[in-house]
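Subject: Structure handover

Hello,

Here is the structure I said I would pass on. Please look through it before reading the notes underneath.

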Amino acid sequence: MEDCSGRTAKRPRADAVRNRERVLEAAKAVFNAGGPDASLEAVARRAGVGIATLYRHFPTREALFEAVYRREVEHLANLAEQLKVEAAPAEALRIWLRSNVEFVATKKGMSVALAIVAHSSSDLSAYTFDRLTKAVRELLDRAVAAGEVRADISPEDLLRALVGMCYMNDQPGWQASVLRLVDVFVDGLCRVPDRKPP
């Protein structure tokens, strides 16, 4: 592969790619458990890499937070694609929404730092909204076309309802409560009305 100057662009070495993935997985766990003040040294230790390796991949704490966040968004987008072929339409929607609860739980541990990153990068907010809206739209359209869920709800409605359920619950064990609410919500979507509301 050549860059615009005609030089051959180097692909990352396999060990560098593995190290980056280990750092991202470790950061997700450390920041989730310890919040925004969890140290980068703890991330490096958990990943089994030196702190210099971590900084080579992510020169700032904010860069690491953003990379973890983007990775999780991509995971949800990929999950939507996978569910379209592996699950019945309404069940695929349910599984995807439930997976978002885990995503929010992970992010709650990084909420302060993510707010800083998102504030300084409107691109991150736009990226997240676009990816997640597209993912849920495809699942919702499929379920509506199959006659399994009502057609009078938008992808944005689904995401707003989910975020509301997650962020109104901050007590210990909130995830179990929200997962139950997600099931109630999806069951309600499956009750297709006989007529359009006035």
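The notes below go from the whole chain to its cores, then to one helix pair and a few single residues.

This is a predicted model, in which local features need pLDDT of at least 70 and side-chain atom pairs count only at pLDDT 80 or more, while totals for chains, interfaces and linings use all residues. Residues are numbered from 1 along each chain as its sequence is written, and side-chain values use heavy atoms, with hydrogens and water left out.

Overall make-up

The chain has nine helices and zero strands; helices (H or I, at least four residues) and strands (E, at least two) are DSSP runs, numbered from the N terminus. Of its 198 residues, 39% count as buried, where buried means under 20% relative accessible area, exposed over 50% and partly exposed in between, with a 1.4 Å probe and protein chains only. Among contacts (heavy atoms within 4.5 Å) between residues at least 6 apart in sequence, 68% join residues at least 24 apart.

Cores

A nonpolar core here is a set of buried Ala, Val, Leu, Ile, Met, Phe, Trp, Tyr and Cys residues joined through side-chain atoms within 4.5 Å. The largest one has 36 residues, and Leu93, Trp96 and Val182 have the most contacts inside it. Helices H4 (61-86), H5 (89-108), H7 (122-145), H8 and H9 each supply at least two residues of this core. Its largest share, nine residues, comes from H5. Not counting residues up to four places away in sequence, Trp96 touches Leu76, Leu79, Ala80, Leu83, Leu132, Ala135, Val136, Leu139 and Leu159. A second, separate core has 19 residues, including Ala26, Ala38, Leu40 and Ala44.

In helix H2 (residues 40-47), the buried residues include Leu40, Ala42, Val43, Ala44 and Ala47. Gly48, just after H2, takes a positive phi of about 75°.

Helices H8 and H9

The axes of H8 (residues 155-167) and H9 (residues 174-189) come within 9 Å and cross at roughly 150°. Axes are lines fitted to C-alpha atoms, for helices over the stretch in contact, and angles run from 0 to 180 degrees between N-to-C directions. The two helices are therefore roughly antiparallel to each other, a term used for angles over 145 degrees. On the H8 side, Leu158, Ala161, Leu162, Met165 and Cys166 meet Trp174, Val178, Leu181, Val182, Phe185 and Leu189 of H9. The residues of this contact divide into eleven nonpolar, no polar and no charged; Ala, Val, Leu, Ile, Met, Phe, Trp, Tyr, Cys and Pro count as nonpolar, Asp, Glu, Lys and Arg as charged, and the others, Gly among them, as polar.

Three residues of H4

Leu64 lies in H4 and counts as buried, at 0% relative accessibility. Leaving aside neighbours within four places in sequence, Leu64 is in contact with Val23, Leu24, Ala27, Phe31, Leu40, Val43, Leu54 and Phe58. The C-alpha atoms of Leu64 and Leu54 are 8.9 Å apart, with their positions ten residues apart along the chain counted as the separation.

Glu72, also found in H4, counts as buried at 8% relative accessibility. Outside the residues up to four places away in sequence, Glu72 touches Lys28, Phe103 and Lys107.

Ala77 is in H4 as well, and is buried at 6% relative accessibility. With neighbours within four places left aside, Ala77 is in contact with Arg131 and Ala135. Ala77 and Ala135 are 58 residues apart in sequence and 5.4 Å apart in space, C-alpha to C-alpha.

Regards

How values were computed
Angles under 35 degrees count as roughly parallel, over 145 as roughly antiparallel, 65 to 115 as roughly perpendicular and the rest as oblique.
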